[in-house]
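Visitor: Could you take me through one part of this structure slowly? I would like a close look at a single sheet and what surrounds it.

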Amino acid sequence: MRLPTDDPYWDAFINRAPADPNNLIPHGFRQVTPGGVNPARTEVHSPNVMSSHVKELAQFYGADLVGIVALEPDRFGVVCVMRSDYDPQVAVGIGGQTPALKGLFASFTVGAYIRELGYAADSSGAEKERFAAAARLGTLDAEGRLVTRQFGRNVHVADVLITDLPLEPDGRA
Amino acid sequence: MAVTSDAPDRPKYDPAVDLDFPPPNLGPSVHVVGTVVNVHPDETPHPKVRRGEMGKVLFDYGRNTISADPIARTNSNRCRDKGNVFTDVLRRAPQGQINPKRTRVDDPKLMSKHIKNVGHYFGASIVGIGRSHPALLYAGGTLRDTGFIVDSEEGPKETPQELCKKYPYVIVTPVAWDYDLAQAHRHHIGDAAYDTTLMQTVLVLTAVENYIKELGYTALRGKVNPQAAALAGGVGELGRNGLIISEKFGSRIHLSDAILTDLPLAPDEPIDLGVQDFCKVCRKCAETCPTNSITFDENKQVFNGVEKYKIKWETCYKLRPLVTQHWQICLTCSTVCPYTKPNTWWRTLAVQTLHRTPKPVRPVVVRSLKWLDDRFWGKIPNKRVRWLGYDSGIKPGVKACTVAGCTAQHDAAGHKVDIPLSDIGYYAPLKENTNRFVKR
């Protein structure tokens with residue numbers, strides 16, 4: 001979508017912090033406990049195929065870039081990266097937080113899918129930029145921010161899904 | 001003997017009495033021609049099913065169905081754990097308050113344009129803004145469509161007329177589902193396309209609702225029939241299939257709900273896409289509907305004071321428990337509709353041609369467009385779709401080995417098989433080579 005330059009309310013939409021933080025969906029959403037892991041586990045024989053499915057599904061749910069990083073021998077991180085017109089760390093308005101909203105949607109729904117397959121999938125916001133770089137989605141600049149080949153610095157990294165689903169990693173942390 | 005009725009007294013819109021509200025302009029496909037009794041959210045299909053008024057089978061379906069498909073378990077009411085459905089978690093998240101510091105709106109036209117920009121930025125395919133009208137509202141309470149369950153709730157006791165005076169505008173933000181994936185309707189692939197846009201529509205509506213609250217205005221959900229709001233807001237016209245047919249996406253849009261608001265806006269006018277003339281001739285949806293829920297009549301029916309094509313939702317709904325083991329969302333009427341096509345130049349050309357043709361000549365244009373549609377897209381579109389390891393060419397219930405690259409003989413009678421054979425028609429994570437097992 002082309003950004004509207006002639007909209008007098010647009011700047012406040014992007015940059016004005018909400019008076020009630022609960023009007024910001026990612027803020028309210030994190031206060032609710034997500035669902036549990038399906039006790040009936042689906043067998044996964046080919047981690048490479050499962051990886052491609054997880055990536056394709058994340059893209060279907062709106063992620064622009066998806067990578068998988070190996071954390072420990074049987075633990076992986078699924079990293080979703082969203083293209084962002086504004087930096088959500090600076091643009092604190094409801095509009096400026098849109099990449100965080102879309103990242104939340106992609107990351108939560110993929111996590112839910114993994115839990116329904118019978119594997120753990122916990123969201124973690126720690127070191128997400130480093131994990132994204134380790135998953136070969138880009139490199140880190142001097143400030144530790146992710147720089148991608150496709151979108152440069154205009155990216156937002158969604159919370160990383162830590163999972164024990166057998167996957168084929170793109171890189172190691 | 002006096003006839004007594006147990007039917008509760010519902011608010012009505014009578015054009016002869018409600019002089020404050022002249023009959024609404026809903027475009028050429030729907031006309032309010034008499035007294036409209038407002039429908040209570042309790043009397044709409046989903047709450048009736050969930051209360052068991054449509055029979056035991058549907059009651060069981062509405063409350064106790066768990067899908068065999070993991071994607072369906074994360075995006076619909078056929079879930080195992082509702083905490084794994086995005087929209088249910090969203091519903092339970094704390095609600096924000098209306099900002100006491102109200103943003104001044106000097107020019108409603110600019111604000112309308114802004115709300116459209118905002119809706120599109122959040123991911124809506126279309127943003128429609130219409131004028132509210134008592135005939136478009138429910139009788140009271142709230143129809144809560146969370147994208148997870150649809151239920152009715154107690155709400156404010158104001159009449160539709162009072163609500164429309166207080167909140168003069170309605171906003172709809174439909175999201176269109178993927179054209180290619182929906183070709184595999186009556187399959188998990190089509191279900192995934194449809195159910196995901198339901199979650200996205202609810203997400204966009206909630207985001208717009210929260211933003212309006214931040215602007216210092218009220219945004220009410222679950223008060224307005226979203227289809228009626230879409231007609232008033234110029235999103236599209238009502239087709240024979242009972243779905244809103246939009247200009248860019250045909251009937252593959254998910255409406256879910258509408259926002260009723262007092263934010264000063266400049267409403268759009270209903271549009272004429274020629275749907276009215278097309279549906280009179282086409283009948284493709286009526287011919288392909290598996291439950292005969294769509295009328296073949298050339299003329300529209302008057303139902304509850306509204307002239308429109310009325311579908312039989314009871315028979316449409318009753319298909320669901322019969323097929324729920326294999327798929328859920330039929331979508332046949334939407335998929336076969338000649339308006340439901342990828343959003344490309346030739347589609348725009350066809351719609352614009354019909355739109356610009358004078359009404360008396362339209363039947364000729366419609367017949368030629370319908371002929372073209374049958375010729376190139378098939379009378380019943382049936383395309384094989386492969387997505388994520390699902391394959392609509394494989395029928396539900398087909399069993400095959402799910403080990404990638406496996407060359408073992410599994411189907412020898414009387415032999416014990418070490419590797420389990422699974423339902424590849426449900427979920428097939430590993431079936432690069434299933435072609436060898438499945439006769440087509």
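Guide: Happily; here is a walk through one sheet of chain B and its surroundings. This is a predicted model, in which local features need pLDDT of at least 70 and side-chain atom pairs count only at pLDDT 80 or more, while totals for chains, interfaces and linings use all residues. Residues are numbered from 1 along each chain as its sequence is written, with chains lettered from A and ligands numbered from 1 in the order in which they are written.

Our sheet is open, with four antiparallel strands in the order E4-E7-E13-E9 of chain B. Strands here are DSSP E runs of at least two residues, helices are H or I runs of at least four, both numbered from the N terminus, and two strands pair if DSSP finds at least two bridges between them. Strands E4 (128–131) and E9 (219–221) of chain B each have a single partner strand, so one side of each lacks a neighbour in the sheet. On average, neighbouring strands are turned by 30 degrees against each other, direction ignored.

At the E9 edge, three bridges join E9(B) to the antiparallel strand E13 (residues 259–261) of chain B; B:Arg221 has B:Ile259 as its bridge partner there. Helix H8 (residues 188–214) of chain B packs on the sheet, touching E7 (169–172), E9 and E13 of chain B, and its direction makes about 150 degrees with that of E9(B). Such angles run from 0 to 180 degrees between N-to-C directions, with axes fitted to C-alpha atoms, for helices over the stretch in contact; contact means C-beta atoms, placed from the backbone, within 7 Å.

Definitions and conventions:
Two residues are in contact if their C-beta atoms, placed from the backbone, lie within 7 Å.
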